Amino acid sequence: MAVLHAKADAIENNRSSQRSTFKGGNARKSLVHWQGREEEITQIKQWFNDQNVAMIGIKGVGGIGKSTLASKIFEEKITLDPSLGDDEDLFPKRFWWEAGNLGGFSGLARQILTDFGYPVPEKEIDLQEALIRQLQRHRHLIIIDNLESLLGEDGSWNNEFYQQFFTAWIEKGDTSKIIVTTREKPKTRGFNRWIELKGLKPPEGAQLLAESQITGDLENFSRRVDGHPLLLRLVADLILAEFPQNPSLERLADLGLGNLSQLLSDPQVVGSHRQETVGIALVLDASFQRLSQRQQELFTKTSIYRREFDSLAAKAVMDNYPEIALSEITADLRELQRRSLLEEKEENRQRIFSFQPLVWEYAQYKAGDQRELHQKAIAYYLSTIKTKPWQTLKDVTEYLEIFYHWSQLKVYDSAFDILRAIYDFLTLGGYYQTLADYYLELVTVYQQQEEQTNWNYAASLTSLGNAYYRSLA
């Protein structure tokens, strides 16, 4: 029996030695078409070895590859000095978080502590301290994607709980590192390590096109579009979809994009956001026009969802096609993904889709008036609501999504009612910061509408005060 135990221990020890990292959360970006960024990666790794650097920012315009670079770092094994035979992973514990995720900072803290087996304090006010303590004790790499969703236009914070955490971490952090990706820099003192991400170098952009079998003057084209990765990817996938037998850059003329590279070099168009405002829109227009009517509707209507969605959610907003099979919906979604109009991942043997932020903005623009779609989204989430007992915040996701859609419709009393339905659960579960975020939104709009006599305004104000008090108690 002792021998058997010894063998079991040896097997387990061997397994442990083979595990390079323990990861929580999933990086969204595929690295199939990865190119370049050696200088940026080298700089980030140098900062990893600097004990005075607690946070690193990756800033750039939409579609420039911030999340992809972060994904590359997240997936790579990082060692101190392989030349000296030191093969130990610098960050054995890694965690990926979307800044707009439900639960805000509390959700982030709870998830990290839970995923890595650390004690989770009962009081929400203790979450920040508990998280920082574990980040100081153990080597973690935390990546927070799309930080701009927490910021105002001037870089001010919309979420004081995140602001408090980042401020504290910059002062106290040492062992672990946090990377954020964002379009805008936050107003936080001491946060001064930034990668200002630009496009790919011409040879790298040319290689990206070449790996998709695109032919032509690739390096010159990449140079003219400033190596913008999303633009290059959209162009490549559009040409491949339309001209699979002859995927040449010369075919852009047949797509109405013959002067694309020249246009982006025009002095009247040149500027830090010209790819966003001109190039991306032109290529997306060309791609959109070549979709079937059903695919066009699917593309615009699914933009009503602010987060990931599956085929069932997509079918729920496709009322013009009541008889369509779910498999056909999935096939159309995968075609949109093939054209880089959607992103796709597999989760629990299920295909999950989402929009790249810049493409999402375009799809919403094409959708126009979305009031009817918000109603359909509400109906869908009502049909998928989980019954009690609820265990985690994820169990009431549908309620919080319904709150969002009622808010977008400016039907705030209905948003108030759906939040009240889960008030006791959120209170008993200690999700005070989540309650504060949602009730602050209600209080703000009621005040703007001068509805202070509305009973729901008074109740929201009271609930907001209670949430703040309990989060500090």
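**Exercise 1. Find the side-chain partner of aspartate 332, then place aspartate 332 in the fold.**

Let's start with the partner: the side chain of aspartate 332 makes a polar contact with the side chain of glutamine 295, at 3.3 Å. Keep in mind that we are working with a predicted model.

Next, look at the wider surroundings. Leaving out residues up to four places away in sequence, aspartate 332 touches Arg294, Gln295 and Leu298.

Now for the secondary structure: aspartate 332 belongs to helix 14, which covers residues 326-338.

Is aspartate 332 buried or exposed? Its relative accessibility is 7%, and the cut-off for buried is under 20%. Aspartate 332 therefore counts as buried.

**Exercise 2. Work out the strand order of the six-stranded open sheet and identify its edges.**

Begin with the order, which reads 1-5-6-7-2-8, with parallel pairing.

Then go to the ends of that order. Strand 1 (22-24) and strand 8 (194-196) each have a single partner strand, so each has one side without a neighbour in the sheet.

To finish, consider the twist: on average, neighbouring strands of this sheet are turned by 15° against each other, direction ignored.

**Exercise 3. Zoom in on the pairing of strand 2 with strand 7, and name a helix that packs on the sheet.**

How many bridges join strand 2 to strand 7? There are five, and these two strands, residues 55-59 and residues 177-182, run parallel.

For one position to look up in the structure, take lysine 59, which stands opposite threonine 182 in strand 7.

Now the helix. Helix 6 (residues 160-172) packs on the sheet and touches strand 2, strand 5 (93-98), strand 6 (140-145) and strand 7. The direction of helix 6 makes about 135° with that of strand 7.

**Exercise 4. List the buried residues of helix 5 and say what covers them.**

Walk along helix 5 (residues 127-137) and you will meet these buried residues: Leu127, Ala130, Leu131, Ile132, Gln134 and Leu135.

Why does spacing along a helix matter here? An α-helix has 3.6 residues a turn, so residues three or four places apart point the same way.

As for the cover, it includes helix 4 (104-115), strand 6, helix 6 and strand 7.

**Exercise 5. Step back and describe the whole protein.**

First, the elements: the protein has 21 helices and ten strands.

Second, burial: 52% of the 473 residues are buried.

Third, the contacts: of those between residues at least 6 apart in sequence, 68% join residues at least 24 apart.

Last, the surface: about 22600 Å² is exposed, with carbon and sulfur atoms supplying 47% of it.

Notes:
Residues are numbered from 1 along each chain as its sequence is written. This is a predicted model: local features need pLDDT of at least 70, side-chain atom pairs count only at pLDDT 80 or more; totals for chains, interfaces and linings use all residues. Side-chain values use heavy atoms; hydrogens and water are left out. Helices (H or I, at least four residues) and strands (E, at least two) are DSSP runs, numbered from the N terminus. Buried means under 20% relative accessible area, exposed over 50%, partly exposed in between (1.4 Å probe, protein chains only). Contact means heavy atoms within 4.5 Å. Accessible areas come from the Shrake-Rupley method with a 1.4 Å probe; for residues, only the protein chains shown count as cover. A polar contact is a pair of N or O atoms within 3.5 Å; within protein, one must be able to donate a hydrogen and the other to accept it, and residues adjacent in sequence count only if both atoms are side-chain atoms. Two strands pair if DSSP finds at least two bridges between them. Axes are lines fitted to C-alpha atoms, for helices over the stretch in contact, and angles run from 0 to 180 degrees between N-to-C directions.
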